[in-house]
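Thanks, everyone, for making the time this morning. I would like to walk through one structure with you, slowly, and I suggest we look at it together before I say anything about it.

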Amino acid sequence: MAKEHGQKYKSILVLQILLKYTDKDHPLSASKISDKLLKEYGILAEEHSICRDIKELQRLYSADDEDCVDEGVRIPYKIEYDGSGERGYKVTKSPCKYTDLQLLVECIHSARFISNTEEKRLFRMIKEFCSKEQYKSLNNETYLVDRAKTNNNNILSYINEINAAIKENKKIKFKYMKYTLQNREAQTPRRNGNFYTVSPFKILINEGNFYLLAYNGKQITTYRIDRMDNVIKSIELREGAEFYKDINMQDFTKRVFSMFGGEEKNVTIRFTNDLLDIVIDRFGANGASYTPDDDKHFKIRVNVEVSNMFYSWICGFRKKATILNPPEVVDGFKTFLADINQKYESC
C-alpha cells in the first residue's frame, strides 16, 4: 500500500526525477523511478501508477492532443518511451537545448568580470535545466587562457545600480580600487578612500571586462566596473549630456580600447601583407582606409590615440610595420625607441 504522504504531488515529483536523471541518451525504467521516489522523497508508488502519471504528462506536452486533460495546461517537456537497450522513459525535448546550455556555460566561464563565486552560483542555476549526466559534460572546464577572474562578487549588482541611475538620470558615487605591491590579493581604495562622483551614460564590454562610460565633471571617460566598490545611486542629476551626445561610439571605443588613450591623430602605417588579419582585428574592416603599397605591403590611414601603448604595439611587429605619417608621430616613435635603447645601453 502506497503511503498517503506526498501522493498528491507524485506526478510532479515523477516529472522532477525524469528531468534530473534522463535525457535523450539516458532512459529510466518505471521501477527505477519508483526506487528514486522512495529514496529521495519517501513516497511509495507502484510501477503501473508511475506509468499512468507519465502518460498524463505526455498528454500535457502536445498542444494538438485532443485528449489533453485541460487545454490551458501545457508542459514544455516531451517524454518518450525507449524500448531499445536500457528500456525506460526519457525527456527528449525541453525549452533549453544542450547546445544552448553549453554556450551559456562557456560564456560564464570565459567572462573575466564574473567571479569564481558568482560562476558557481550561475552553474547551479544551469544545473536545473539539464540532466545530471548532461551537467557532468557541461562541467568539464575549459581552460581560460591568460584571463584572471575578478575577486569582485558584486559586479552584477553594481551594473543594476548603474542602469537604475542612468534610467533615472542620476549620478552615482563609488570608491575606485587599485592593487599595491604590499597587498596584491586585495585592492585598496584610490584617493585615500574618498568617493568618486560621476554621471553614468553607458556600460561597455571589452575583452571580458565591463566598463562604465561616464562624465567626471571635465570629460567623458571610462571606469572598470570590477574595480568599483560601494556603488551608490546619488540624488544629484546627471551632467555632461552635451559631451556624451557628440561621441561617435564606434570611433571612441576603437580609439580608447585599442590604444589605451592619448592624443588623437590620423596616422598612416605600412604593414607586410601577412599582418592584414591582425590589423583588421585591431581597426576593423571599415575602420581604416586600406590601400596596397606593393606586392608585399599595404598601407592604412586610421585615427588612433597616440600613446606609448600604441608605440609598443607597433614595436611588436619589428620590421614588419612602419609609421609613415604624420611627421610628429614618426618623431615621437623615434624618441620612444631612443629612450628604450638608452635605458639598456646604461645597463
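Before the first angle comes up, a word on how it is defined: an axis here is a line fitted to C-alpha atoms, for a helix over the stretch in contact, and the angle between two axes runs from 0 to 180 degrees between their N-to-C directions. Please also keep in mind throughout that this is a predicted model.

With that in hand, take helix 1 and helix 2, the latter covering residues 30-41, which pack at an angle of about 105 degrees with their axes 10 Å apart. Because angles of 65 to 115 degrees count as roughly perpendicular, helix 1 is roughly perpendicular to helix 2. On the side of helix 1 the contact involves K10, L13, V14, Q16, I17, L18, K20 and Y21, and these meet I33, K36, L37, E40 and Y41 of helix 2. Sorted by character, the residues of this contact are eight nonpolar, one polar and four charged.

Helix 1, which spans residues 10-21, also packs against helix 3, residues 47-61, this time at an angle of about 80 degrees and with the axes 10 Å apart. That value makes helix 1 roughly perpendicular to helix 3 as well. Here K10, S11, V14, L15 and L18 of helix 1 are in contact with S49, I50, D53, I54 and L57 of helix 3, and the residues involved divide into six nonpolar, two polar and two charged.

Let me step back to the whole chain, in which there are twelve helices and twelve strands. Of its 347 residues, 37% count as buried, and the accessible surface comes to about 21500 Å², with 49% of that belonging to carbon and sulfur atoms. If we consider contacts with a separation of 6 or more, residues 24 or more positions apart account for 61% of them.

One example of residues that are distant in sequence is the pair S110 and G208, which are 98 residues apart along the chain and yet 7.4 Å apart in space, C-alpha to C-alpha. S110 itself is found in helix 4, residues 98-110, and with a relative accessible area of 37% it is partly exposed.

Now to the strands, where strand 5, residues 196-206, has two partners that I would like to describe. It runs antiparallel to strand 3, residues 170-178, with three bridges joining the two, and in this pairing I172 stands opposite V198 in strand 5. Strand 5 also pairs in the antiparallel sense with strand 6, residues 209-215, over seven bridges, and there I205 stands opposite F210 in strand 6. Strand 5 and strand 6 form a hairpin with two residues between them, and E207 in the turn has a positive phi of about 50 degrees.

That brings me to backbone geometry, and a general reminder is useful: most residues other than glycine have a negative phi, and most peptide bonds are trans. Which residues in the loop between strand 4 and strand 5 deserve a second look on that account? One is R191, in that loop, which has a positive phi of about 50 degrees although it is not a glycine. Another is N192, in the loop between strand 4 and strand 5, whose phi is near 55 degrees; at 79% relative accessibility, N192 counts as exposed.

Finally, the peptide bond from N325 to P326 is cis, with omega near -5 degrees, and P326 sits in the loop between strand 12 and helix 12.

Key
Residues numbered from 1 in each chain as written. Predicted model: local features only at pLDDT ≥ 70, side-chain atom pairs only at ≥ 80, totals over all residues. Heavy atoms only, no water. Helix = DSSP H or I, 4+ residues; strand = E, 2+ residues; numbered from the N terminus. Parallel < 35°, antiparallel > 145°, perpendicular 65-115°, else oblique. Contact = heavy atoms within 4.5 Å. Nonpolar A, V, L, I, M, F, W, Y, C, P; charged D, E, K, R; others polar. Buried < 20%, exposed > 50% of the residue type's maximum accessible area, 1.4 Å probe, protein only. Areas by Shrake-Rupley, 256 points an atom, 1.4 Å probe, with all protein chains shown as cover. Pairing = 2+ DSSP bridges.
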